[in-house]
Amino acid sequence: MADEAQFQAKRPVSASLAGPYGHPFHPILVTVPIGAWVTSLVFDIASHVVNRPGFLTQSSEWLIAVGVIGALLAAMVGFLDLFAIPGRTPAFRTALVHMTLNLLVTAAYVVNFLWRYSDYTDGGSIGLGRLVLSALSVAVLGISGFLGGKLAYRYGVRVADENTQAEGYTPGGSTRNARPAT
């Protein structure tokens with residue numbers, strides 16, 4: 001049963017939407033919101049250091065928007081990967097917590113964007129409440145990222161099997177058998 005479940009979790013539900021075997025799109029797409037949101041937090045902090053912080057607060061607001069759009073795209077593909085994981089397994093439960101945390105973080109950033117949208121033009125530094133919301137959101141995002149890493153690196157969700165991986169360590173190894181028979 002466990003071998004069959006592992007095999008199922010490595011296969012894409014839809015290779016054209018979720019990425020081909022051994023190369024899922026979800027880990028690629030999550031770099032957009034992570035990078036945008038971490039950078040927006042750096043800009044928020046920097047807005048308290050510079051003399052004219054308006055450009056930083058406005059840039060931070062738009063980075064938050066870019067992050068939300070990127071998170072929604074990553075969530076759609078990640079949802080497809082969730083379908084590949086058999087239910088009632090530790091990997092599935094971990095994936096549900098990972099997904100829930102990511103949806104909460106995305107919702108927090110939507111709120112943060114709307115909160116900022118009305119008054120970024122004042123040219124001042126970012127308010128303390130918005131800064132705290134961003135910092136907490138990034139912290140929760142880090143916890144969720146840890147769980148995503150656990151899914152890939154411990155449970156091997158959407159990761160190529162060991163025989164396929166071994167080709168990368170075989171001198172003169174062939175890539176013609178990169179995909180095991182389904």
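1. Val-38 is partly exposed, with a relative accessible area of 36%. The residue belongs to helix 4. Its C-alpha atom is separated by 9.7 Å from that of Ser-60, and the two residues are 22 apart along the chain. As with everything below, this is read from a predicted model.

2. On the overall fold, the protein chain has eight helices and zero strands. Written along the sequence, the pattern is α-α-α-α-α-α-α-α. Among the contacts in the chain with a separation of 6 or more, 74% are between residues 24 or more positions apart.

3. On burial and surface, the chain has 182 residues, and 37% of them count as buried. The exposed area is about 10,600 Å², with 67% of it supplied by carbon and sulfur atoms.

4. The largest nonpolar core is a set of nine residues: Trp-37, Ile-64, Ala-65, Val-68, Ala-71, Val-105, Tyr-109, Phe-113 and Leu-141. Two elements give two or more residues to this core, helix 5 (54-84) and helix 6 (90-117). Helix 5 provides the largest share, four residues. Apart from this core lies another one, of six residues, including Leu-82, Ala-91, Ala-95 and Val-157.

5. Val-105, a member of the largest core, can be followed through its contacts. With neighbours within four places in sequence left aside, Val-105 is in contact with Trp-37, Ser-137, Val-140 and Leu-141. Of these partners, Trp-37 and Leu-141 are also listed in the largest core.

6. The whole structure contains four aromatic pairs. One of them is Trp-62 with Phe-113: the ring centres are 5.7 Å apart and the planes stand at 65°, so the pair is edge-to-face. The angle is over 60 degrees, and therefore falls in the edge-to-face class. This pair links distant parts of the chain, since Trp-62 is in helix 5 and Phe-113 in helix 6, 51 residues apart.

7. The two partners of that pair fall into separate exposure classes. Trp-62 is partly exposed at a relative accessible area of 40%, whereas Phe-113 is buried at 16%. The value for Phe-113 is under 20%, which means that the residue meets the cut-off for buried. Phe-113 is also part of the largest nonpolar core. Together with Tyr-117, Trp-62 and Phe-113 form one aromatic cluster.

8. Leu-114 is found in helix 6. This residue counts as exposed, at 56% relative accessibility. Leu-114 and Ala-65 are 49 residues apart in sequence, and their C-alpha atoms are 9.6 Å apart in space. Ala-65 is listed in the largest nonpolar core.

9. The largest pocket has a volume of about 850 Å³. It is lined by 35 residues, and the closest to its centre are His-26, Pro-27, Val-30, His-98 and Gly-148. Two or more lining residues come from each of helix 3 (26-29), helix 4 (31-46), helix 5, helix 6 and helix 7 (128-154). Helix 5 and helix 6 thus appear both in this lining and among the contributors to the largest core.

10. Leu-80 has its place in helix 5 and is buried, with a relative accessible area of 17%. The C-alpha atoms of Leu-80 and His-26 are separated by 9.2 Å, and the residues are 54 apart along the chain. His-26 is one of the residues closest to the centre of the largest pocket.

11. Gly-142 lies in helix 7. With a relative accessible area of 43%, Gly-142 is partly exposed. From Gly-142 to Asn-102 the C-alpha distance is 9.8 Å, for a sequence separation of 40 residues.

12. Backbone geometry gives one point to check. Most residues other than glycine have a negative phi. Phi of Arg-88 is near 60°, a positive value in a residue other than glycine. Arg-88 sits in the loop between helix 5 and helix 6. At 81% relative accessibility, Arg-88 counts as exposed. The value is over 50%, which is why the residue is placed in that class.

Key:
Residues numbered from 1 in each chain as written. Predicted model: local features only at pLDDT ≥ 70, side-chain atom pairs only at ≥ 80, totals over all residues. Heavy atoms only, no water. Buried < 20%, exposed > 50% of the residue type's maximum accessible area, 1.4 Å probe, protein only. Contact = heavy atoms within 4.5 Å. Areas by Shrake-Rupley, 256 points an atom, 1.4 Å probe, with all protein chains shown as cover. Core = buried A, V, L, I, M, F, W, Y, C linked by side-chain atoms within 4.5 Å. Phe/Tyr/Trp six-rings, centres within 6.5 Å; stacked < 30°, edge-to-face > 60°. 1 Å grid on protein atoms, 1.4 Å probe; cavity = no way out; pocket = protein on both sides within 12 Å on 5 of 7 lines; lining within 4 Å. Points joined across faces, edges and corners; volume = space filled by probe spheres on them.
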